[in-house]
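Colleague: Please take a close look at the strand pairing in a single part of this model. I should then like to see that part set beside the rest of the chain.

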Amino acid sequence: MRTYHCFWLLFWAGQPHQSFLTPLSKRTSGFPEKEKVLVLSGNSRRDLHRSKRSWMWNQFFLLEEYTGTDYQYVGKLHSDQDKGDGSLKYILSGDGAGDLFIINENTGDIQATKRLDREEKPVYILRAQAINRRTGRPVEPESEFIIKIHDINDNEPMFTKDVYNASIPEMSDVGTFVVQVTATDADDPTYGNSAKVVYSILQGQPYFSVESETGIIKTALLNMDRENREQYQVVIQAKDMGGQMGGLSGTTTVNITLTDVNDNPPRFPQSTYQFRAPESTPPNSPVGRIKANDADVDENAEIEYSITEGDGYDMFGITTDKDTQEGIITVKKALDFENKNLYILKVEATNTHVDPRFLYLGPFKDSATVRIQVEDVDEPPMFSRPAYIMEVKEDVPINSVIGTVTAQDPDAAKNPVKYSVDRHTDMDRVFNINSGNGSIFTSKLLDRETLLWHNITVIAAEINNPKQSSRVPVFIKVLDVNDNAPEFAMFYETFVCENAKAEQLIQTLSAVDKDDSYSGHQFSFSLAPEAASSSNFTLQDNRDNTAGIFTRKTRYNRHEMSTYFLPVVISDNDYPIQSSTETVTIRVCACDHRGKMLSCNAEALIHPTGLSTGALIAILLCIIILLVVLFAALRRQRKKEPLIISKEDIRDNIVSYNDEGGGEEDTQAFDIGTLRNPEAIDDNKLRRDILPETLFMPRRTATARDNTDVRDFINQRLKENDTDPTAPPYDSLATYAYEGNGSVAESLSSLESVTTDGDQDYDYLSDWGPRFKKLADMYGAMDSDKDS
């Protein structure tokens, strides 16, 4: 007979069945009164399924977040081999076995030792088996079962962000999308309504609303104005259980900012502005600032200012300060208090970025009146012209008035003005000015040919306040008068051939004139009266400011007359007529049959530099000689090399020092005759550094005899020079401000003797000769002072 064994898991509703009332060590008192028994069987084909109730034999269900003090009861394992004699042992393995889940090895009761959280782990898979306690061998195959955690509503909805930030333009329509918020619930969305979230608004009404299912926030109020309120804080609630009572909830904050649109026109805070400007204000200088207020911000508040009307439309301008949005009123032209002292302007402020949606609110511009009062200041004198141009003839005498400048004080006081010339512009003081009436006159003679234009500056200053001064340029043009005679355009030096024929042209002359001629120069040429009849040449005036020199005779002889000087008179046709006499040099030369010059007595004609051929040859020879001497000196210098050229070039050198003098017989060392004959010495070789106080003529000593002994001769000359007052060195006074200390002989200076108590007699200095004369005079004078 075959035996079948079963291990049962039984679920009982109501009171436990009498056959399964096995005592439990720890039963959960708060658990629902249902007993769950898992029956283990060795015949898998006979596993029990109660199909009528759709039970699954291998599943347990357990609620999460148990709060009781005892262990939570899960179910019971039972084998049909269990006789109740304790021979079987139940063991449990799998997820949480032994730690989270424990089993009573004798009875098979399963309990949970800790609180379970479905959000951490919703399903546990375990394995159960019954073994023989004595042999340790399983009596039933291992069976697997599942413990599922039933969800409870223990998690509140959580928003994806703690704080949301959003912005919308102001003046938006109702229902404008703002932002969408999202909340999630960790509970099981398939079990009940624990994870069904509904949104609602707790704070922010009536300005905003939220859709309950999507979390979309929209505007709920029309024409929200940023200028009235810019920031809004909305609190949104998310509640599970479909929003029913008892559901859990979470909140989030939404910060909503209204962005600006150009819905406000600029407005001046006042209708009239007053400014003052001194008349000395330079052009482009600011006078004042005005500002129109605009409640908008950024580019919507940008303003452009303009002057639309007023009597100062061309005198003033206005620009916009981009940083402060202020209108800066500036001066365009120079102001004059005496001419006009009040200007009235109409200034307009306009938005540069206009939104067409808000044009119905009115024009986006505003205007104001600006009054500018011109203030009087002490101004410098003003000249009647910005510059003066005057003309004067160059032959006017000194102190001639050439023109007048005029300046007046533009102020109402009309202070008197004095004039002066800026001498930095008239360094030669050619002109002067009358300080009272401004008349300019010459102080030196003028010369147009030296300087045509004189540019000077005249200063006009108030007498009462010289600091108030102004300047004006005066351009003086010197007009030409015919005060210069015409002259040759160049120096004419020509030649005539010895074989020249009569009436032959040998030179064409032209002239220039430093003077200016408005109708053009017209010069006339003629020979000087003294040469007109006796000259060997004739002159023909070409009537075109040129003239030609022609030969008068057929032949010339350079040996009889080598050079002719022909005086030519040149005259102009201006008034007064000026004329000058110029000389043409004509040299007679030998020529070939074609008239080409071969030789002349005047070498300068060939060489324009004025040097003859012989002089050039002499200069060339001198240069060659100098080059030869220089070359020889360089070669000699190269031969004289030093003993040691460098530190590395060390060699043995033999130097001979056996050259001795030849005594008196050696006449090559020096000229003994010079010592014997003092006449050979230059008479005037005196000392040049110090001029003697008394100039003595050098002595003339007698010539020594030729047989005089040299020693006697030298001693004689030494004695003569010692007594010679003209021989150097001469007396000089040197002051030594410091002397050394510790000298055994102490000071030897004669100057210190003045401080001693004893009197000394310095008369003996007079006996030492003329060389000590100055010292004797000095100390002799000191003794005389003491005696007096």
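Modeller: Two strands are taken to pair if DSSP finds at least two bridges between them. Strands (E, at least two residues) and helices (H or I, at least four residues) are DSSP runs, numbered from the N terminus. The model is predicted: local features need pLDDT of at least 70, side-chain atom pairs count only at pLDDT 80 or more, and totals for chains, interfaces and linings use all residues. Residues are numbered from 1 along each chain as its sequence is written, and side-chain values use heavy atoms, with hydrogens and water left out.

The part I have chosen is an open sheet of 4 strands, ordered 27-34-33-30, in which the pairing is mixed. Its edges are strand 27 (388-393) and strand 30 (417-421), each of which pairs on one side only. On average, neighbouring strands here are turned by 30° against each other, direction ignored; the axes are lines fitted to C-alpha atoms, with angles between N-to-C directions running from 0 to 180 degrees. Strand 27 pairs in the parallel sense with strand 34 (residues 469-479), over 6 bridges. Within strand 34, V478 is the bridge partner of V392. Strands of a sheet pair through backbone hydrogen bonds, either parallel or antiparallel.

Another open sheet of 4 strands, also with mixed pairing, follows the order 19-25-24-21. Strand 19 (272-278) and strand 21 (303-310) are its edge strands, each pairing on one side only. From one strand to the next, the twist averages 30°. Strand 21 and strand 24 (residues 342-351) run antiparallel and are joined by 7 bridges; in strand 24, I307 has V347 as its bridge partner.

Side-chain pairing adds a further link. The whole structure holds 24 salt bridges, each being a side-chain nitrogen of Lys or Arg within 4 Å of a carboxyl oxygen of Asp or Glu. One of them joins E105 and R133 (3.6 Å, N to O). E105 lies in the loop between strand 6 (101-103) and strand 7 (109-112), and R133 in the loop between strand 8 (123-132) and strand 9 (143-150), so the pair ties together parts that are 28 residues apart in sequence.

As for confidence, pLDDT (the predictor's confidence in each residue, from 0 to 100) averages 78 over the protein, and 76% of the residues score at least 70. Over residues 1-35 pLDDT stays under 50, and the model has 94 contacts beyond four places in sequence for them, a contact meaning heavy atoms within 4.5 Å. Where pLDDT is low, the predicted coordinates should not be read in detail.
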